[in-house]
Amino acid sequence: MPTEAFTETDMLLVWNKFAQRLTDQGKRLMATYMQMNDPVLQGTTITLELPNQSTKEEFLSGHIELLGYLRGKLHNHDITIEVIVNEVSETRYAFTPLEKFEKLKSINPNIELLKKLFDLDL
């Protein structure tokens, strides 16, 4: 089996091409997982960070086709994919008025001053 050297840039080009191919085929979920974060290359191991365990499991259920594509296009059959779950990176959405206010306040603390100055309620 071939084991040609490749760079992270080469890997990212092939990675993004495959994600676009999935999108064109209507497999948007897998493409979305692939594009959540840029994968990092360490030797022949590609590390992808995902926000939670369920997205990791969904990604791993469909990653065999991706792995075959990467190995073929990059001419290296030593390539492996490692998925790391980073719960901290999971996006938290604000639903209540108080949560929305706190989110805006974290972006710009001056909003608290406006609230007090104009005696606004939430």
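This section describes the sheet, the helices and selected residues of a predicted model.

The confidence of the prediction is considered before the structural detail. Across the chain the mean pLDDT is 89, and 94% of the residues reach 70 or more. The elements of the chain range in mean pLDDT from 83 for helix 5, the lowest, to 96 for helix 4, the highest.

The strands of the model form an open sheet. Three strands take part, in the order 1-2-3, and their pairing is mixed. Strand 1 (40-42) and strand 3 (80-85) are the edge strands; each has a single partner strand, so one side of each has no neighbour in the sheet. From one strand to the next, the twist averages 30°.

The mixed character of the sheet can be followed pair by pair. Strand 1 and strand 2 (residues 45-50) run antiparallel and are joined by 3 bridges. Within this pair, Val40 stands opposite Thr47 of strand 2, and Leu41 has Ile46 of strand 2 as its bridge partner. The two strands form a hairpin with 2 residues between them, in which Gly43 adopts a positive phi near 70°. On the other side of the pairing scheme, strand 2 and strand 3 are parallel and share 6 bridges. Here Thr47 stands opposite Glu82 of strand 3. Thr47 therefore appears in both pairings, opposite Val40 in one and opposite Glu82 in the other. In a regular strand, side chains alternate between the two faces of the sheet.

Helix 4 (residues 63-74) lies across strand 2 and strand 3, and its direction makes an angle of about 135° with strand 3. The loop that leads from helix 4 to strand 3 contains His75. The phi of His75 is near 55°, a positive value in a residue other than glycine. His75 has a relative accessible area of 39% and is partly exposed, because this value lies between the limits of 20% for buried and 50% for exposed residues.

Helix 1 (residues 8-24) includes Trp15. The relative accessibility of Trp15 is 0%, and the residue therefore counts as buried. Apart from neighbours within four places in sequence, Trp15 is in contact with Met34, Pro39, Ile46, Leu48, Phe59, Leu66, Leu70 and Ile81. Several elements already described are represented in this list: Ile46, a contact of Trp15, is also the bridge partner of Leu41.

A second buried position is found in helix 2 (residues 28-35), which contains Ala31. Ala31 has a relative accessible area of 1% and is therefore buried. Its contacts, not counting residues up to four places away in sequence, are Ala19, Leu22 and Thr23. Distances between C-alpha atoms relate Ala31 to two further residues. Ala31 and Phe18 are 13 residues apart along the chain, and their C-alpha atoms are separated by 8.1 Å. Between Trp15 and Ala31, which are 16 residues apart in sequence, the C-alpha to C-alpha distance is 9.8 Å.

Helix 3 (residues 53-61) contains Thr55. With a relative accessibility of 8%, Thr55 counts as buried. When neighbours within four places in sequence are left aside, Thr55 is in contact with Tyr33, Met36 and Leu50.

The packing of the last pair of helices considered here can be expressed in geometric terms. Two packed helices are described by the angle between their axes and the distance between the axes. Helix 5 (residues 97-107) and helix 6 (residues 110-117) pack at an angle of about 125°, and their axes are 7 Å apart. This angle makes helix 5 oblique to helix 6. Helix 5 contributes Phe101, Leu104 and Lys105 to the contact, while helix 6 contributes Ile111, Glu112 and Lys115. Of the residues in this contact, 3 are nonpolar and 3 are charged, with no polar residue.

The segment after helix 6 contains Asp119. Asp119 is not a glycine, yet its phi is positive, at about 50°. The relative accessibility of Asp119 is 65%, and this residue therefore counts as exposed.

Definitions and conventions
Residues are numbered from 1 along each chain as its sequence is written. This is a predicted model: local features need pLDDT of at least 70, side-chain atom pairs count only at pLDDT 80 or more; totals for chains, interfaces and linings use all residues. Side-chain values use heavy atoms; hydrogens and water are left out. Helices (H or I, at least four residues) and strands (E, at least two) are DSSP runs, numbered from the N terminus. Buried means under 20% relative accessible area, exposed over 50%, partly exposed in between (1.4 Å probe, protein chains only). Contact means heavy atoms within 4.5 Å. Axes are lines fitted to C-alpha atoms, for helices over the stretch in contact, and angles run from 0 to 180 degrees between N-to-C directions. Angles under 35 degrees count as roughly parallel, over 145 as roughly antiparallel, 65 to 115 as roughly perpendicular and the rest as oblique. Ala, Val, Leu, Ile, Met, Phe, Trp, Tyr, Cys and Pro count as nonpolar, Asp, Glu, Lys and Arg as charged, and the others, Gly among them, as polar. Two strands pair if DSSP finds at least two bridges between them. pLDDT is the predictor's confidence in each residue, from 0 to 100.
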